[in-house]
Amino acid sequence: MRSGNGHSGWDAFAVSSADGTVIRGISRPGSGETLVLVHGVAMDSRVWGDSGFLDGLPDAPVVAVDLRGRGASSHVGTAAGHALDRYVEDVRAVLDRFGRERYIVFGLYFGGRIALQVAGADTRVVRAISFCAHGEEVEIPADAVEEEARAVEGPGGHTYLRDHFTAKGAPAWMVEACGRVDGGQLGAATRGLLHGSHRRTERGHPDQDLVLITAAGDADMATFHAGEKRLGARLWLVDSPTRVQAAARLAEVGHRVAGLLEAAPDSARAAGTGAG
Ligand SMILES: COC(=O)C[C@@H](NC(=O)[C@@H](NC(=O)[C@@H](/N=C1/NCC(=O)N2CC[C@@H](C)[C@H]2C(=O)N[C@@H](CCSC)C(=O)N[C@H]1C(C)(C)C)C(C)(C)C)[C@@H](C)c1ccccc1)c1nccs1
């Protein structure tokens, strides 16, 4: 995804979110509907190339966002500044910047929850795909999250995350991504999960295609089935014992998403072929 001057065929962009935070990322032209990619908490926009997800989507126009506090985007020091509604504003500012009428938003882990929330708020999102995060209400234990925030923001924060994800069988690209996130931003983003991330997501438009993806062995499969029913979402399973280990299946998921785009009705495709 990056070579030579840092981007091979990719352009950097910067937009101001609703609260003035500068959101950056990279985009590449293509044909068909524009795919907007939203990473998880301890990640940045590099994960899409590193994970092999993009290998299956050589022709699609892609916009890969760095959420606030991650990648090249501006840092925000407060937990309130990392509320779910702020992330939704970040992504919608990016949708405004590229000016398409229709978008597909694909999110990874907490980024998937953000993708579902954006779909609920913005009818330009014709398809939202959430990798390993459902849209149901969750009980977020403030004490456990505060403890995790302390662990990730401290001097040993990167080691804590790397050791924990490695122990859970996460692939190298996901373990490495943790080391690229500023510790203070990891802490703020973790505490930010207490600002509205517990709420369930709602369908934004009857014609939206909502897709939930999780591991075939996910212990919490019932909640994903609940999402299928409540949201009228489709459920894709990847052959993995857990959500964390499912990260190793992203290349395969990229190919499957490509199939979804090819299957798009011609009218949709025609509507989607923007300048790229
Ligand atoms: C079962 O959990 C897993 O399957 C791992 C999986 N998590 C999740 O799917 C979701 N989360 C959780 O289920 C839980 N939430 C946590 N804390 C919030 C949280 O997620 N993080 C804070 C730090 C940040 C790195 C991120 C995280 O990754 N921490 C992991 C631990 C791995 S390293 C330390 C992590 O789950 N911890 C838990 C503790 C309670 C143990 C602290 C609750 C409380 C929401 C149920 C996550 C997508 C989400 C969903 C909805 C709202 C908020 C967040 C992964 N996500 C990314 C990669 S794998």
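**Close-up views of the ligand, its pocket and a cavity**

**View 1. Residues around the ligand.** In this predicted model, the ligand is surrounded by 19 residues, of which E148, Y160, H164, L193 and R243 come nearest. Taken alone, the ligand exposes 900 Å², and the protein buries 79% of that area. By class, the shell around the ligand is made up of 12 nonpolar, three polar and four charged residues.

**View 2. Polar atoms of the ligand facing E148 and R243.** The side chain of E148 places an N or O atom 2.8 Å from a nitrogen atom of the ligand, while an N or O atom in the side chain of R243 lies 3.0 Å from an oxygen atom of the ligand. E148 and R243 are both among the residues that come nearest to the ligand, and both also belong to the residues that lie nearest the centre of the largest pocket.

**View 3. The ligand in its pocket, with the contributing helices.** The ligand sits in the largest pocket of the model, and the elements that give two or more residues to the shell around the ligand are α3, α5 and α9. Of these elements, α5 supplies the largest share of the shell, with four residues.

**View 4. The lining of the largest pocket.** The largest pocket holds about 1,200 Å³ of space, and its lining consists of 37 residues, with Y109, F110, E148, L193 and R243 lying nearest the centre. Two or more lining residues come from each of α3 (110-121), α4 (142-153), α5 (157-167), α6 (172-179), α7 (183-192) and α9 (243-246). Sorted by class, the lining of this pocket comprises 23 nonpolar, seven polar and seven charged residues.

**View 5. The cavity and the residues that line it.** The structure holds one cavity of 30 Å³ or more, and about 40 Å³ of space lies in the largest cavity. The residues that line the largest cavity are H39, G40, V41, L67, R70, Y87, F110, I114, A189 and L193, and they divide into seven nonpolar, two polar and one charged. F110 and L193, which are part of this cavity lining, are also among the residues nearest the centre of the largest pocket, and L193 is in addition one of the residues that come nearest to the ligand.

Methods:
Residues numbered from 1 in each chain as written. Predicted model: local features only at pLDDT ≥ 70, side-chain atom pairs only at ≥ 80, totals over all residues. Heavy atoms only, no water. 1 Å grid on protein atoms, 1.4 Å probe; cavity = no way out; pocket = protein on both sides within 12 Å on 5 of 7 lines; lining within 4 Å. Points joined across faces, edges and corners; volume = space filled by probe spheres on them. Nonpolar A, V, L, I, M, F, W, Y, C, P; charged D, E, K, R; others polar. Near = heavy atom within 4 Å. Polar contact = N/O pair within 3.5 Å; in protein donor to acceptor, adjacent residues only side chain to side chain. Areas by Shrake-Rupley, 256 points an atom, 1.4 Å probe, with all protein chains shown as cover. Sits in = over half its atoms within 2 Å of the grid points.
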